[in-house]
Amino acid sequence: MSSPLLRTPLYQEHVRLRARMFPFAGWEMPLQYRGIIEEHRAVRTAAGMFDVSHMGRYWIVGERAATALRRLTTYNVTALPQGMGHYSFLCREDGGILDDVYVFRPAQERFLVVANAANAEKVWGWLQSHIPPSAGLENVHLETAMIAVQGPKAVAICAAVLSPSLTHLRRRGCLEMTWQGMAMFASRTGYTGEDGLELVVPAYHGPLLWQRLLEAGVVPCGLGARDTLRLEASLPLYGQDIDESVNPLELGLTFALSLDDDADFLGREAILRAMREGPRRILACLLAEGRGIMRPGFPVLHQGQQVGTITSGGYSPMLGVSIGMAFLAPSLAQVGTRLIVDVRGRSLPVRVVRRPFYRAPREG
Amino acid sequence: MPSPQDRLYTREHEWVKVEDQIGTVGITDYAQDQLGDIVYVQLPPVGQQVRHMEPFGEIESVKAVADLYAPVSGEVVDVNRELDEHPELVNQDPYGRGWMIKVRLSEPSELERLMTAQAYDQYIAQEAQP
């Protein structure tokens with residue numbers, strides 16, 4: 001049988017809250033506490049928190065860190081201002097995506113790479129084999145806990161519980177601070193389409209941070225709600241919408257690509273070639289126009305012919321209908337195109353819509 | 001919590017409560033809890049024949065889909081249309097307002113093949129074990 005599941009530093013908190021646990025990427029993670037829709041709404045209307053300690057966390061530090069990392073990232077991390085973070089891909093030479101990551105630069109010579117749980121080992125191996133010894137490389141995956149606090153009230157609550165300085169963080173901003181004598185990394189990022197923070201603390205302090213946030217009224221949320229939230233925000237998920245056969249252009253996430261500097265990052269030539277040729281397929285957002293739920297693997301039909309397959313699909317609690325994503329030929333990926341999704345033999349009419357499916361109302 | 005004593009249960013987690021040869025059918029509290037937030041319930045029209053332990057509809061939650069199995073054979077004489085707009089009633093009140101269909105029993109002897117509340121509670125206790 002497979003090896004036993006890993007448990008995060010917050011495992012006992014989940015047990016205490018009677019979470020329903022499930023295996024995810026080798027970890028025993030909370031699927032839900034009170035219910036996916038209730039947790040989803042808490043994030044959309046107030047504040048929810050997720051144990052995301054299963055995600056890989058790696059520091060690259062020192063004066064060679066920026067140039068060493070630039071060789072691996074599609075985004076130009078050398079131009080990342082201190083105190084900011086950015087989404088990027090790690091690509092193979094042939095442009096295939098090894099992982100989609102967040103890169104943070106809390107200090108001039110300190111970079112934190114946050115990787116998908118399912119790719120954590122792969123990314124760690126990739127960093128080890130590509131980051132020269134002259135740049136410091138440290139794996140803090142198992143010695144830290146990570147909590148994402150998300151929702152319109154998330155930042156205000158964190159500022160009250162942790163530090164008023166957090167309100168000054170810009171979107172995608174990050175900083176290192178101390179809280180109650182412990183080192184903490186904080187960034188104004190997330191994976192829900194809402195404002196919020198992601199916090200990294202030493203593993204043994206994770207439960208205290210979790211409990212303080214709970215006392216402040218933050219609703220514990222499982223990976224079930226994390227999935228419905230990220231799908232409403234039309235954020236792709238590695239393993240479902242992204243794999244090594246997908247190139248960044250097909251995802252439409254060109255903001256993660258920097259091609260205007262001369263840096264010879266892995267995958268650059270393949271991406272330039274793909275840009276010249278144009279993408280053969282594009283990840284499109286599909287909105288159901290009837291009852292029935294798109295789920296991964298369901299065929300997408302046009303004039304009776306299969307033209308794609310649902311990669312991510314489910315129910316949108318905010319829209320009250322099913323939403324999904326599928327790779328389609330550019331001619332079919334046009335907003336407004338009407339298609340059919342085969343839901344276990346029944347035809348569900350869908351329409352290509354602009355991303356995201358749901359946009360959080362923003363102040364100011 | 002023990003299952004209600006006034007009805008019978010299937011291994012697929014449906015219940016049927018029979019009054020005057022009309023069986024009201026729904027899913028159990030255990031089933032709704034396992035499914036999580038229910039978002040669609042697909043039910044047959046009035047007049048359709050359903051057959052013992054064959055699918056009569058589908059239930060979809062945020063995370064899963066499941067077939068609904070008829071505990072008894074017969075003609076559908078009523079359908080809970082309230083579930084069209086409020087499928088969450090199945091979560092909130094699985095033995096009451098979350099009922100699904102009413103069937104006029106054509107083979108009452110089928111009831112002998114169903115589980116009592118006590119037997120069903122033992123059955124799910126076993127199923128819940130790892």
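The following exchange concerns the strands, domains, contacts and backbone features of a predicted model.

Colleague: Into which domains is chain A divided?
Modeller: The model is predicted, and its domain bounds come from an automatic or database assignment. Domain 1 of chain A is written as two segments, 11–50 + 142–232. Chain A is thus described by domain 1 (11–50 + 142–232), domain 2 (57–139) and domain 3 (280–356).

Colleague: How far apart do the C-alpha centres of domain 1 and domain 3 of chain A lie?
Modeller: Nine residues of domain 1 of chain A are in contact with eight residues of domain 3 of chain A. On the domain 1 side, α2 and α7 of chain A each supply at least two residues, and by class that side has two nonpolar, three polar and four charged residues. The C-alpha centres of these two domains are separated by 31 Å.

Colleague: Which elements of chain A each supply at least two residues of the side that touches chain B?
Modeller: The contact between the chains involves 10 residues of chain A and seven residues of chain B. The side belonging to chain A has four nonpolar, five polar and one charged residues. The elements that each supply at least two of its residues are α2 (36–45), α7 (223–232) and β16 (305–316) of chain A.

Colleague: Which residues of α2(A) are buried?
Modeller: Seven of the 10 residues of α2(A) are buried, so this helix is largely enclosed by the rest of the structure. Their cover includes β2 (27–32), β3 (48–51), β9 (144–150), β13 (219–220) and α7 of chain A. The buried residues are A:Ile36, A:Ile37, A:Glu39, A:His40, A:Ala42, A:Val43 and A:Arg44.

Colleague: Why is one side of β5 and of β8 of chain A left without a neighbour in the sheet?
Modeller: The open sheet of five strands in chain A follows the order β5-β6-β7-β4-β8, with antiparallel pairing. Its neighbouring strands are turned by 25° against each other on average, direction ignored. One side is free in each case because β5 (84–91) and β8 (136–139) of chain A stand at the edges, each with a single partner strand.

Colleague: Which residue of β6(A) is the bridge partner of A:Phe89?
Modeller: β5(A) and strand β6 (residues 97–107) of chain A run antiparallel and are joined by eight bridges. Within this pairing, the partner of A:Phe89 is A:Asp100.

Colleague: What are the bridge partners of A:Leu301 in β16(A) and in β18(A)?
Modeller: Strand β15 (residues 299–302) of chain A pairs with β16(A) in the antiparallel sense over four bridges. β15(A) also pairs with strand β18 (residues 338–343) of chain A, in the antiparallel sense over two bridges. In β16(A) the partner of A:Leu301 is A:Gln306, and in β18(A) it is A:Ile340.

Colleague: Which residue takes a positive phi in the hairpin of β15(A) and β16(A)?
Modeller: This hairpin has two residues between the strands. The residue with a positive phi, near 50°, is A:Gln303.

Colleague: Which residues have the most contacts inside the largest nonpolar core?
Modeller: Nonpolar side chains tend to be buried together in soluble globular proteins. The largest nonpolar core here has 141 residues. Leaving aside residues up to four places away in sequence, A:Leu286 touches several residues, among them A:Met294, A:Ile323, A:Leu339 and A:Val352. Those with the most contacts inside the core are A:Ile147, A:Val149, A:Leu199, A:Leu286 and A:Val341.

Colleague: Which residue of β2(B) stands opposite B:Tyr9?
Modeller: Chain B has an open sheet of six strands in the order β1-β2-β3-β9-β8-β5, with antiparallel pairing. β1 (8–9) and β5 (49–50) of chain B stand at its edges, each with a single partner strand. β1(B) pairs with strand β2 (residues 14–19) of chain B over two bridges, and opposite B:Tyr9 stands B:Trp15.

Colleague: Is B:His13 buried or exposed?
Modeller: B:His13 lies in the loop between β1 and β2 of chain B and has a positive phi of about 75° although it is not a glycine. A residue counts as buried if 20 or more other C-beta atoms lie within 10 Å of its own. With 23 other C-beta atoms within 10 Å, B:His13 is buried.

Colleague: Is A:Arg18 buried or exposed?
Modeller: A:Arg18, in the loop between α1 (11–16) and β1 (20–24) of chain A, has a positive phi of about 55°. Because A:Arg18 has 10 C-beta neighbours inside 10 Å, this residue counts as exposed.

Terms used: Residues are numbered from 1 along each chain as its sequence is written. Chains are lettered from A and ligands numbered from 1 in the order in which they are written. This is a predicted model: local features need pLDDT of at least 70, side-chain atom pairs count only at pLDDT 80 or more; totals for chains, interfaces and linings use all residues. Two strands pair if DSSP finds at least two bridges between them. Axes are lines fitted to C-alpha atoms, for helices over the stretch in contact, and angles run from 0 to 180 degrees between N-to-C directions. Two residues are in contact if their C-beta atoms, placed from the backbone, lie within 7 Å. Ala, Val, Leu, Ile, Met, Phe, Trp, Tyr, Cys and Pro count as nonpolar, Asp, Glu, Lys and Arg as charged, and the others, Gly among them, as polar. A residue is buried if 20 or more other C-beta atoms lie within 10 Å of its own, exposed if 12 or fewer, and partly exposed in between; C-beta atoms are placed from the backbone. A nonpolar core is a set of buried Ala, Val, Leu, Ile, Met, Phe, Trp, Tyr and Cys residues joined through C-beta atoms within 7 Å.
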